[in-house]
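Here are a few friendly notes to read alongside the model. Each point can be checked by eye at the bench computer.

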Amino acid sequence: MIQTSDAPDQTPSAEADPAFRDDVLACFRSTRRAIPARWLYDLAGSELFEAITDLPEYYPTRTETALLQRYCGEVAAQGGAGRAVVEFGSGSSVKTPHLLRAVQGDHYVPIDISGDFLRDSAASLAADFPQLQVHPLEGDFMHPLKLPDDIADVPKLGFFPGSTIGNMVARTSVDLLRSMRETLGEGAMLLIGMDRIKSPDILIPAYDDAQGVTAEFNLNLLRRINRELDGDIPVESFRHVARWNDSYARIEMHLEALEDVAFEVLGERFSMAKGETIHTENSHKYGPRDARLLLRSGGWTTRHEWTDPDDWFALILAEAKPFQRAP
């Protein structure tokens, strides 16, 4: 059973998301150009990212999926069977069935900013779980959200796979974890995936694959700007770049100008010199202590942690315990 809405995903330029407009204009007006990674995920971007997860170089998805297949029973035992599963940034929800089968709850709330993609994946999952009440919620999970009234009194298990937390700088990650706590409520559980620090020889190909799918995913942001914000950016004059920044323990994705370029967005003229970049995404990697400290800062107490044999990826179950005063 699925509950849905008719909100469109793609918007014409006259009705473009004001936050998207403001972030893009702020980027091009600045000398340090960066656009928040969430704007990579329009419908086309979401579909390209799903293709990335199947690439041989992209280890996170298959490693995390194997962990879910092996340990979801333990997650249910420790987190409490029967909880409503609330997934933040659900995408295609391909990993979710492993958790739903183990938890055996009555409710699933997928949350995603890409409305059409959200509703398609929610409908597909509802068909596979006919007894499950599916409540797709279109919205930006970076901020507290009101969950459906149907699950107001149901214990909740948040699900945040894919190491998406790594896309944010530490300050934003902590804000997000606090927002999740507010959305889910005290006593909730959170199952979160975090990618481990490892050799750049493994990391860089995962974000710059031989087939060029990640490059198309990154370049799609420029196409979205052209489509939704009346831009005329010459997409062919940019290339995708992936870099390992050891100081911040993160992979960075950039769009680099291959030549001097001039273009217009919403009637405003901009230019970039050859070699200048637009910073589009970070993917921070965490050691075990880093991950636990980050969760504690966001109001979550680690209950258990599972990793693969190579310690490339971790699943962490955390709890929103009551806040205590310092002794």
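**Notes on the predicted model**

1. Asp209 sits in the loop that joins α7 (200–206) to α8; helices (H or I, at least four residues) and strands (E, at least two) are DSSP runs, numbered from the N terminus. Please keep in mind that this is a predicted model, where local features need pLDDT of at least 70, side-chain atom pairs count only at pLDDT 80 or more, and totals for chains, interfaces and linings use all residues. Residues are numbered from 1 along each chain as its sequence is written, and side-chain values use heavy atoms, with hydrogens and water left out.

2. What is the nearest side chain of opposite charge to Asp209? That is Arg62, 12 Å away, and Asp209 is buried yet has no salt bridge. Buried means under 20% relative accessible area, exposed over 50%, and partly exposed in between (1.4 Å probe, protein chains only). A salt bridge is a side-chain nitrogen of Lys or Arg within 4 Å of a carboxyl oxygen of Asp or Glu; Lys and Arg count as positive and Asp and Glu as negative, while His and the chain ends are not counted.

3. The side chain of Asp209 does reach backbone: the nitrogen of Gln211 is at 3.1 Å, and the backbone nitrogen of Val213 lies 2.9 Å from a polar atom of that side chain. Leaving aside residues up to four places away in sequence, Asp209 touches Leu55, Glu57 and Thr214 (contact means heavy atoms within 4.5 Å).

4. Next, the sheet. Three strands make an open, antiparallel sheet in the order β7-β8-β11, where two strands pair if DSSP finds at least two bridges between them. Its edge strands, each pairing on one side only, are β7 (238–245) and β11 (277–284). β8 (residues 250–257) and β11 share seven bridges, and Met253 has Glu281 in β11 as its bridge partner. Helix α8 (residues 213–228) packs on the sheet and touches β7, β8 and β11.

5. A hairpin is worth a look too. β9 and β10 form it with two residues between them, and Leu266 in the turn has a positive phi of about 50°. The two strands, residues 261–265 and 268–272, pair in the antiparallel sense over five bridges, with Phe263 facing Phe270 of β10 as bridge partner.

6. Most residues other than glycine have a negative phi. Asp230, in the loop between α8 and β7, has a positive phi near 50° and is partly exposed, with a relative accessible area of 45%.

Note on methods. Axes are lines fitted to C-alpha atoms, for helices over the stretch in contact, and angles run from 0 to 180 degrees between N-to-C directions. A polar contact is a pair of N or O atoms within 3.5 Å; within protein, one must be able to donate a hydrogen and the other to accept it, and residues adjacent in sequence count only if both atoms are side-chain atoms.
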